[in-house]
Amino acid sequence: SILGEDETESLVGRYRYEYEVASMLGDDAYHATSAVDYRASKEMRMAATIYVADVNEENAGAILNEYTQAYPPDDRDLLMSWSGRHWRKDDTTAKLPAPVSGHILLEAN
């Protein structure tokens, strides 16, 4: 890390988004986006936060403690109801759903 583990200060920086470039933050990173009015250029910005975890009774509380987004809500029952939905360590048949006909709305030319 840039800061030693015993340091208590945070590193604050800025990132200018680039086309076809993704940024990745590690655990315990605070993040936000600046307000930008794209109406004049008719552009838009999209950001996504993706969490990867094996949700189970032992770690559900820790996962909820790290939530930084508004949806899905900070709801233990909802989180547990989704456990194993896409992946299970002991069940190789649990997978993301396969795309169906018409699933992809826009195709590259």
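1. A term to start with: two residues are in contact when their heavy atoms lie within 4.5 Å. With that in hand, have a look at Val 55 in this predicted model. Setting aside neighbours within four places in sequence, Val 55 touches Ile 63, Leu 79, Met 80 and Ser 83.

2. Two of those partners turn up again in the largest nonpolar core. Val 55 belongs to this core together with Ala 60, Ile 63, Leu 64, Tyr 67 and Leu 79, which makes 6 residues in all. Which helix gives the most to this core? Helix α1, spanning residues 60-65, does, with 3 residues.

3. Now for the overall picture. The chain has 2 helices and 0 strands. Buried residues come to 8% of the 109 in the chain. Among contacts with a separation of 6 or more, 20% join residues 24 or more positions apart. The accessible surface of the chain is about 11000 Å², and carbon and sulfur atoms hold 52% of that area.

4. On to the charged side chains. As a general point, side chains of opposite charge can pair when their charged atoms come close. How many salt bridges does the chain have? The count comes to 2.

5. One salt bridge is worth a look in your viewer: Glu 57 pairs with Arg 76, with 2.9 Å between the closest N and O atoms. Glu 57 sits in the segment before α1 while Arg 76 belongs to helix α2 (residues 76-81), so this pair ties together parts that are 19 residues apart in sequence. Glu 57 counts as exposed because its relative accessibility is 54%, and exposed means over 50%. Arg 76, at 33% relative accessibility, counts as partly exposed.

6. The other salt bridge to check is between the side chains of Arg 39 and Asp 37, at 2.7 Å from N to O. Is Arg 39 buried or exposed? Arg 39 counts as exposed, since its relative accessibility is 67%.

7. Finally, please take a moment for the surface. Tyr 15, Tyr 17 and Val 21 make a nonpolar surface patch of about 280 Å². Val 21 is located in the segment before α1. Val 21 counts as partly exposed, because its relative accessibility is 41% and that class runs between the 20% limit for buried and the 50% limit for exposed.

Conventions. Residues numbered from 1 in each chain as written. Predicted model: local features only at pLDDT ≥ 70, side-chain atom pairs only at ≥ 80, totals over all residues. Heavy atoms only, no water. Core = buried A, V, L, I, M, F, W, Y, C linked by side-chain atoms within 4.5 Å. Buried < 20%, exposed > 50% of the residue type's maximum accessible area, 1.4 Å probe, protein only. Helix = DSSP H or I, 4+ residues; strand = E, 2+ residues; numbered from the N terminus. Salt bridge = Lys/Arg side-chain N within 4 Å of Asp/Glu carboxyl O. Patch = residues over 30% accessible without salt bridge, like charges linked within 9 Å, V, L, I, M, F, W, Y side chains within 5 Å. Areas by Shrake-Rupley, 256 points an atom, 1.4 Å probe, with all protein chains shown as cover.
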